[in-house]
Amino acid sequence: MNKIGFNVLAWSAGMSEELFPIIERLKEIGYDGVEFFVGSPEESAYKQVGDFTRGLGLETTTVTVVSPDMNPISDSAMVRAKGLDRIKWAIDRSHDLNSRVLCGPFHSAHAHFAAHEPYEQEYGWAAEVLHAAGEHAAQADVVLALEALNRFECYLCNTMSQLSKLVTLADHSHVRAMFDTHHANVEEKKYGQALQTISPVLSHVHISENDRGTPGDGHIPWDDAFAGLAAINYKGWLTIEAFSRNDPGFANAINVWREYNDPWHIAEHGLKFIQQMCIKHNL
């Protein structure tokens with residue numbers, strides 16, 4: 001069975017000892033790993049949290065974003081250089097956390113839009129930055145798993161077809177892709193087709209309900225998702241990404257204005273749901 005993880009963004013985007021009780025309970029529930037957001041400036045905390053997590057026998061993955069002043073597709077070479085530096089910093093912090101996978105939509109600035117469709121030049125700029133980031137990631141033994149987001153959060157990569165194009169342009173063994181069931185529910189015609197498109201470079205999967213609550217409680221076509229993953233013989237992480245208003249600053253930044261489910265309901269019921277679906281679809 002694939003390894004199953006849980007993203008602590010359901011509680012906090014921070015990086016400190018305050019995460020320890022959450023990590024411990026996730027271990028008790030039965031998770032194989034924990035996913036952390038890389039953003040907190042307190043660099044020493046990353047190794048501390050990483051060592052604590054590893055001491056419990058849990059693995060880690062990480063996720064990050066970039067801001068408009070560090071946008072890899074800016075028409076300013078200086079801004080693109082800042083974007084590369086930021087991604088390298090996130091790779092280093094991922095290494096501190098013992099993560100082998102850094103995922104997220106850091107091909108472009110999150111929720112930052114231009115008054116046009118994505119230009120070929122923008123794909124080229126992103127690819128150039130990501131290839132250089134891939135060189136740094138290879139030294140840290142970290143795979144970069146790029147994420148496509150829905151049209152309300154990103155304009156460069158909304159679909160697996162666009163994401164596959166970008167990964168091809170980046171042309172680096174450590175620059176790959178991820179699939180998120182929430183975003184795909186908005187942008188893809190069919191899950192199976194989308195997964196076939198991205199399968200050659202797929203390295204990570206986020207399990208996320210349509211409302212970002214407990215997987216299995218909403219209307220995501222879960223049978224299509226798990227059947228599609230089984231069809232491509234996917235062997236990577238299945239990590240629940242769900243949100244709440246526990247961290248108001250982060251919640252406000254991603255437009256989370258209400259509670260969907262209690263995070264522990266999501267963690268406990270979500271794990272059982274994934275395990276059941278994996279058995280059902282021979283994943």
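Trainee: Quick one first. What counts as buried here?
Mentor: Buried means under 20% relative accessible area. Keep in mind that this is a predicted model.

Trainee: OK. Is phenylalanine 226 buried or exposed?
Mentor: Phenylalanine 226 has a relative accessible area of 0%, so it is buried. Tryptophan 222 is buried too, at 6%.

Trainee: How many residues apart are those two in helix 8?
Mentor: Four, so about one helical turn separates tryptophan 222 and phenylalanine 226.

Trainee: And how do we describe a ring pair?
Mentor: By the distance of the centres and the angle of the planes.

Trainee: How many aromatic pairs are there?
Mentor: The count is eleven. Phenylalanine 113 with tyrosine 155 is a tilted pair, because the planes are at 40 degrees, with centres 6.5 Å apart.

Trainee: Which parts does that pair tie together?
Mentor: Two loops. Phenylalanine 113 is in the loop between strand 4 and helix 4, tyrosine 155 in the loop between strand 5 and helix 5, so the pair links parts 42 residues apart in sequence. Phenylalanine 113 is partly exposed at 40%, while tyrosine 155 is buried at 14%.

Trainee: Back to tryptophan 222 and phenylalanine 226. What is the geometry of their rings?
Mentor: Their centres are 6.1 Å apart and the planes are at 45 degrees, so that pair is tilted.

Trainee: New topic. Which residues form an aromatic cluster?
Mentor: Phe6, Trp11, Tyr31 and Trp264 make up one.

Trainee: What sits over the ring of tryptophan 264?
Mentor: The charged end of arginine 25, 4.1 Å from the ring centre.

Trainee: And over the face of tyrosine 123?
Mentor: Lysine 165, at 4.3 Å from the ring centre.

How values were computed
Residues are numbered from 1 along each chain as its sequence is written. This is a predicted model: local features need pLDDT of at least 70, side-chain atom pairs count only at pLDDT 80 or more; totals for chains, interfaces and linings use all residues. Side-chain values use heavy atoms; hydrogens and water are left out. Rings of Phe, Tyr and Trp (its six-membered ring) pair if their centres lie within 6.5 Å; planes under 30 degrees apart count as stacked, over 60 as edge-to-face and the rest as tilted. Buried means under 20% relative accessible area, exposed over 50%, partly exposed in between (1.4 Å probe, protein chains only). A charge sits over a ring if NZ of Lys or CZ of Arg is within 6 Å of the ring centre and within 35 degrees of the ring normal.
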